[in-house]
Amino acid sequence: NSIYSGVRFALARSKNERHGELIFLENENHSDNKRNLELLNALRKSISNDCEDFYMCYQPVVDAMTGKIGGMEALLRWNKEPFGEVPPAVFIPLLENDVLFFELGNWILREAMTEGKKIIEQHPEFILNINLSYTQLERSEFRGTIVRLLQETDFPPQNLCLELTERCRLLDMNFLRNEIIFLKSFRIKIALDDFGTGFSSLNLLRELPVDLIKIDRAFIKDIQTNTADQAIVKSVLDCAKLMEIPVCVEGIENKNLESYMNHYPASSYQGYLYSKPIKIDQFKKMFS
């Protein structure tokens, strides 16, 4: 079992960090490797036990013109002793290539739809954003699963936006386009997340019929002083405007940054200025 876990861990490290290159775990820090293997085994146990210790948080998406909340992004969290609260940036790469990740992805979809529907019943135009991994999308049963989950939760598909990350470039472009067309046939919206962080972002935008672009916070945090970031963000927004694609700017952390970004033609904002990710009950209180 430990050897199998080690192989899964090595595969994840190679695919996500080293772009498919060979890695030798014996050359890495032994204590770090041991902890990561223990962490992976604990994560797999949580998934096998009906995804216990996982929970959802939500971050608001606000209209750039009015400042009103128009949607939220569902964000996965995991807390289990003795590890405590483990950041998604740590546990998602470990799990993404694991056979159980598809089961976890389905749990995320079901949980977020169930909780999000409570808000949509009061606010019919509200949009729920859920991240979708390329490892979910490439599974042959994904199409049937998403349709079944929509039916089970009675969630209105036009209120769902699935966010595709830059790693979707690993999928065949024709396959990816066909999957998006299928999802859009149910009126599900598609967003390109982390836009600009990879070399293939512009190609994805050219090839795929997406409904939203999300500019990564890496281009926003220093934009007030970094002329390169200013030029990149302006170019993306100008291009999106010509293509009639709305743009959400991530990483709005304070009022000064929001005021600065108001000079750009973005459609919506997301960031700590409005709220950190919070549980659905807190979100509903904030939104009411």
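Axes, in what follows, are lines fitted to C-alpha atoms, taken for helices over the stretch in contact, and the angle between two of them runs from 0 to 180 degrees between N-to-C directions. Two packed helices are described by the angle between their axes and the distance between the axes. The structure discussed here is a predicted model.

In outline, the protein contains 11 helices and 9 strands. It has 288 residues, of which 51% are buried. Its exposed surface amounts to about 14,400 Å², and carbon and sulfur atoms supply 52% of that area. Of the contacts between residues at least 6 apart in sequence, 69% join residues that are at least 24 apart.

The helix packing may be followed from helix α4, which spans residues 101-120, to helix α6, which spans residues 142-153. The axes of these two helices come within 10 Å and cross at roughly 30°. Because angles under 35 degrees count as roughly parallel, α4 and α6 are roughly parallel to each other. Their crossing is right-handed. On the α4 side, the contact is made by Phe102, Asn106, Leu109, Arg110, Met113, Thr114 and Lys117. On the α6 side, the residues taking part include Phe142, Ile146, Leu149 and Leu150.

Helix α6 also packs against helix α7, which comprises residues 173-184. Here the angle is about 20° and the axes lie 11 Å apart. This angle therefore makes α6 roughly parallel to α7. Again, α6 passes α7 in a right-handed crossing. Phe142, Arg143, Ile146 and Val147 of α6 meet Asn178, Glu179, Phe182 and Leu183 of α7. Phe142 and Ile146 thus appear in the contact with α4 and in the contact with α7.

Beyond α6, the chain enters the loop that leads to β5 (160-164), and Asp154 lies in this loop. Asp154 is not a glycine, yet its phi is positive, at about 55°. The residue is exposed, with a relative accessible area of 52%.

Most residues other than glycine have a negative phi, and most peptide bonds are trans. Cys51 departs from the first of these patterns, with a positive phi near 60°. Cys51 is found in the loop between α2 (30-48) and β1 (54-63). Unlike the exposed Asp154, Cys51 is buried, with a relative accessible area of 4%. Cys57 likewise counts as buried, at 6% relative accessibility. The structure holds 0 disulfides.

The peptide bond between Glu81 and Pro82 is cis, with omega of about 5°. Pro82 is placed in the loop between β2 (69-80) and β3 (84-86).

Strand β2 also holds Glu73. Glu73 is buried, with a relative accessible area of 4%. Leaving aside neighbours within four places in sequence, Glu73 is in contact with several residues, among them Cys57, Tyr58, Gln59 and Val61. Other contacts of Glu73 include Asn129, Asn131, Glu163, Lys214, Glu250 and Gln270. Glu73 and Gln270 are 197 residues apart in sequence, while their C-alpha atoms are 9.0 Å apart in space.

Note on methods:
Residues numbered from 1 in each chain as written. Predicted model: local features only at pLDDT ≥ 70, side-chain atom pairs only at ≥ 80, totals over all residues. Heavy atoms only, no water. Helix = DSSP H or I, 4+ residues; strand = E, 2+ residues; numbered from the N terminus. Buried < 20%, exposed > 50% of the residue type's maximum accessible area, 1.4 Å probe, protein only. Contact = heavy atoms within 4.5 Å. Areas by Shrake-Rupley, 256 points an atom, 1.4 Å probe, with all protein chains shown as cover. Disulfide = S-S within 2.5 Å. Parallel < 35°, antiparallel > 145°, perpendicular 65-115°, else oblique. Left-handed = near helix turned anticlockwise from the far one by under 90°.
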